[in-house]
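The following exercises concern a predicted model. Please work through each task before reading its solution.

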Amino acid sequence: MPLIGYLDRFSARPGERLEVKVSSQLATPYRAELVRVRHADPNPAGPGMRLIPVPADWTGEYPSVAKPVPSGALGRAAGRLPLDESFSLLLRVSPWLPREAPQVVLALAGEGRALTLSVTTAGFAVEVLQDGARTRCATAAPPQRRSWYELSVTVGHGRLTLTQRPLQQVWGASDTGAAEAALPVADWSGEIAITFAAAPDATAHFNGRIEDPLLLRGTPRVTLDDPAALLASGRILAWWDFAEAMEGEALHDRGPAALHGTLVNLPARAVKGSRWTGAEHAWRHAPRHYAAIHFHEDDLEDCRWATDFTMTIPQGMPSGVYAVRLTANGHWDMIPFFVLPPKSVARAAVAYLANTFTCQVYANYRRPEFPDDHRAKRQSWGAFDWCGNLVTDYGLSTYNAHVDGSGIHLSTRLRPIMNMRPGFVAVPDPKGSGLRHLPADTHLTDWMEEKGIAFDVITDEDLDDEGLPLLARYKCVVTGSHPEYHSQGTLDALQAYVAQGGRLANLGGNSFYWKVGRRPDRPHVLEIRRAEGGIRAWAAEPGEYFQQLDGTLGGLWRRNGRPPQQLCGVGFSSQGRFEGSHYRRMPGADDPRAAWIMEGVEGETFGGFGLSGGGAAGFELDRADPVLGTPPNAVILARSEGHQDHFVVVHEEMLTNLTTVTGEKPEDLIRAEIVHFETRNGGAVFSTGSITFCGSLSHNGYANPISRMLENVLTRFQA
């Protein structure tokens with residue numbers, strides 16, 4: 001891209017610093033300045049883009065420097081080994097995307113010596129560089145995708161040999177092979193460097209799984225059926241047991257030389273190896289069944305760009321949504337960030353919880369639909385034009401797949417996130433703007449400013465780090481349009497906040513749905529395992545439902561015993577295209593416990609308008625369900641209706657094509673419900689059940705039933 005950047009963090013407090021990292025392919029300097037983001041919807045039918053310039057001491061011009069993206073996972077280890085004149089390399093390999101071009105499975109390099117094991121569609125091959133001469137042998141046995149092979153390479157006694165032994169029977173496949181070539185005797189002892197899943201220069205990346213690479217003295221005829229027995233025999237020089245320390249990036253060598261290594265770009269761990277039998281599904285219970293690492297050429301943990309400049313958040317800077325705006329030669333980028341209030345201080349009664357986990361999980365989503373007229377509309381509005389459909393250099397989202405077809409389940413924020421930009425139009429929306437996530441949430445923040453409702457901003461990541469004390473200082477916490485992804489830490493904090501008397505306004509749909517994993521020493525990484533049920537873009541492999549970062553079961557919070565109804569009264573029920581409808585008033589609207597919410601809300605139906613899909617109830621819909629945890633004192637004030645034919649019930653609600661787990665007809669579960677209930681100590685919850693609700697707030701100059709309802713709620717909740 002011509003001009004793009006990212007920050008080292010999503011948020012900061014006064015006195016803290018943020019690092020700005022920019023890549024510019026332009027021939028002239030770029031200009032950087034600070035703006036406060038009030039409204040990030042470029043649709044001319046609404047309030048439009050409202051970006052307020054803010055003076056900053058770092059404003060100015062900076063030199064353009066193009067910076068590469070070092071994508072592709074690999075492992076490295078180095079040290080001294082007494083390989084002598086003969087040694088053996090054994091390992092197990094499962095290629096997921098063999099090509100005609102070689103992919104390096106393992107490379108071993110020493111002074112004047114090098115050995116490279118690679119795979120192509122034709123089979124495995126080994127090449128040795130020794131004293132300036134190259135020797136090669138190949139098996140000529142095409143490997144089957146996703147099948148496991150045990151490979152043995154021997155060097156010594158004047159020969160180089162390679163054997164390829166399939167560990168799974170594939171009928172009709174000729175995937176057993178062996179080859180040998182003459183190789184002069186030489187001493188390989190000394191300092192060596194081992195590279196796993198790529199060439200030493202981080203090219204020719206391997207796509208697939210590697211298990212139990214080890215080096216043996218001499219050239220004995222052995223197998224990897226029991227590496228521990230080989231270790232006990234004293235034959236092993238090095239054995240990188242990938243079943244060890246699976247939560248991290250360390251590679252543990254169980255051999256006598258202890259040539260421990262490290263991983264680069266966070267490949268997938270806690271994946272099935274060649275020994276998985278199905279007897280265990282939790283990798284912690286049987287780590288040797290998961291003694292494999294899945295490497296991808298498009299893995300990316302950190303762009304590792306140099307910092308162009310730093311900015312210190314000034315004391316007294318109001319909490320809010322801001323962006324670093326970059327401009328040069330007609331190109332622009334805006335890198336958003338959130339300013340929190342000072343530590344242990346609340347400057348307002350209301351906290352807006354920015355859904356940064358959801359933004360990160362969706363980062364750089366390459367959508368299945370990207371029609372030409374959608375892009376033309378974006379360009380005509382002056383919207384941010386780049387996205388995962390046009391650029392894949394910065395990694396895709398966990399809604400996409402790696403090049404080898406496996407689902408992406410790790411996401412980093414240390415990269416440009418193109419769809420987390422003010423002015424980004426995400427989806428085709430003939431009736432509205434098509435905004436999602438951060439830009440869509442400015443429908444809410446703009447409305448609060450318009451109504452004079454003071455608020456602080458906090459983020460999912462801050463909440464996961466700091467827990468309940470971050471929430472406890474506020475009378476009310478409001479979510480944005482799509483609080484879909486949550487960790488155990490954020491969910492625990494919100495549940496405790498509500499239980500002790502806090503007031504939660506959940507203004508989105510598909511809320512608190514998927515569980516994400518996170519690790520303190522890798523705070524920039526999130527993990528999602530799309531296990532079992534749920535509407536999902538890809539399905540986790542059987543046996544791979546437990547997260548590598550924390551070892552816990554991934555998937556839906558509902559499958560983890562915490563349906564969203566337990567927190568906010570409603571949970572995901574249905575979804576369709578980005579279209580909205582209206583709500584119909586229910587008898588609960590007249591209940592004395594909640595009638596105040598509907599004061600000034602006229603008509604039996606309301607909300608059939610807005611910048612998101614043309615209606616306040618749309619796209620993804622949540623409903624109450626007492627069986628799943630909606631409390632008995634919950635009042636249903638309104639229910640949506642009139643949804644389009646493309647809306648479907650979520651998978652976890654269905655038993656057969658005609659039967660649901662509730663006993664209702666499938667079409668009856670296509671509904672959003674506005675729910676209110678009280679908790680202890682004056683606490684309360686209000687949920688709208690729809691992802692498009694906030695898009696209706698500015699309709700008719702902010703004077704409409706949706707706006708009035710929310711104003712009633714937040715006025716009471718912050719009192």
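**Exercise 1.** Determine which residues Ser118 is in contact with, leaving aside its neighbours within four places in sequence, and decide whether Ser118 is buried or exposed.

*Solution.* Step 1: with those neighbours set aside, the contacts of Ser118 are Pro102, Gln103, Val104, Val105, Gly123, Phe124 and Ala125. Step 2: Ser118 belongs to strand S10, which covers residues 113–120. Step 3: the relative accessibility of Ser118 is 12%. Because buried means under 20%, Ser118 counts as buried.

**Exercise 2.** Give the order of the strands in the open sheet that contains S10, and identify its edge strands.

*Solution.* Step 1: the order of the eight strands is S12-S11-S10-S9-S16-S7-S20-S19, with antiparallel pairing. Step 2: strand S12 (133–138) and strand S19 (250–251) each pair on one side only, and these are the edge strands. Step 3: within the sheet, S7 (residues 74–81) and S16 (residues 190–196) are joined by seven bridges. One residue pair across these strands is Gly75 with its bridge partner Phe196 in S16.

**Exercise 3.** Classify the aromatic pairs that Tyr362 forms with Tyr399 and with Tyr485, and state which parts each pair ties together.

*Solution.* Step 1: the structure holds 21 aromatic pairs. In the pair of Tyr362 and Tyr399, the centres are 4.1 Å apart and the planes are at 20 degrees, and the pair is stacked. Step 2: Tyr362 lies in the loop between helix H2 (356–361) and helix H3 (372–381), whereas Tyr399 lies in the loop between H3 and strand S27 (410–412), so the pair links parts 37 residues apart in sequence. Step 3: the ring centres of Tyr362 and Tyr485 are 6.2 Å apart with planes at 80 degrees, so this pair is edge-to-face. Step 4: Tyr485 is in strand S30 (residues 485–486) and Tyr362 in the loop between H2 and H3, so the pair ties together parts 123 residues apart in sequence. Step 5: the relative accessible area is 3% for Tyr362, 12% for Tyr399 and 0% for Tyr485. Tyr362 is buried, as are Tyr399 and Tyr485.

**Exercise 4.** Describe the span of helix H10, its N-terminal cap and its buried residues.

*Solution.* Step 1: H10 (residues 705–717) has 13 residues and reaches 18 Å from its first C-alpha to its last, close to the expected 18 Å. Step 2: the N-terminal end is capped by Asn704, a side-chain oxygen of which lies 3.0 Å from the backbone nitrogen of Ile706. Step 3: the buried residues of H10 include Ile706, Met709, Leu710, Val713 and Phe717.

Terms used: Residues are numbered from 1 along each chain as its sequence is written. This is a predicted model: local features need pLDDT of at least 70, side-chain atom pairs count only at pLDDT 80 or more; totals for chains, interfaces and linings use all residues. Side-chain values use heavy atoms; hydrogens and water are left out. Helices (H or I, at least four residues) and strands (E, at least two) are DSSP runs, numbered from the N terminus. Buried means under 20% relative accessible area, exposed over 50%, partly exposed in between (1.4 Å probe, protein chains only). Contact means heavy atoms within 4.5 Å. The expected span of a helix is 1.5 Å times one less than its number of residues. A polar contact is a pair of N or O atoms within 3.5 Å; within protein, one must be able to donate a hydrogen and the other to accept it, and residues adjacent in sequence count only if both atoms are side-chain atoms. Two strands pair if DSSP finds at least two bridges between them. Rings of Phe, Tyr and Trp (its six-membered ring) pair if their centres lie within 6.5 Å; planes under 30 degrees apart count as stacked, over 60 as edge-to-face and the rest as tilted.
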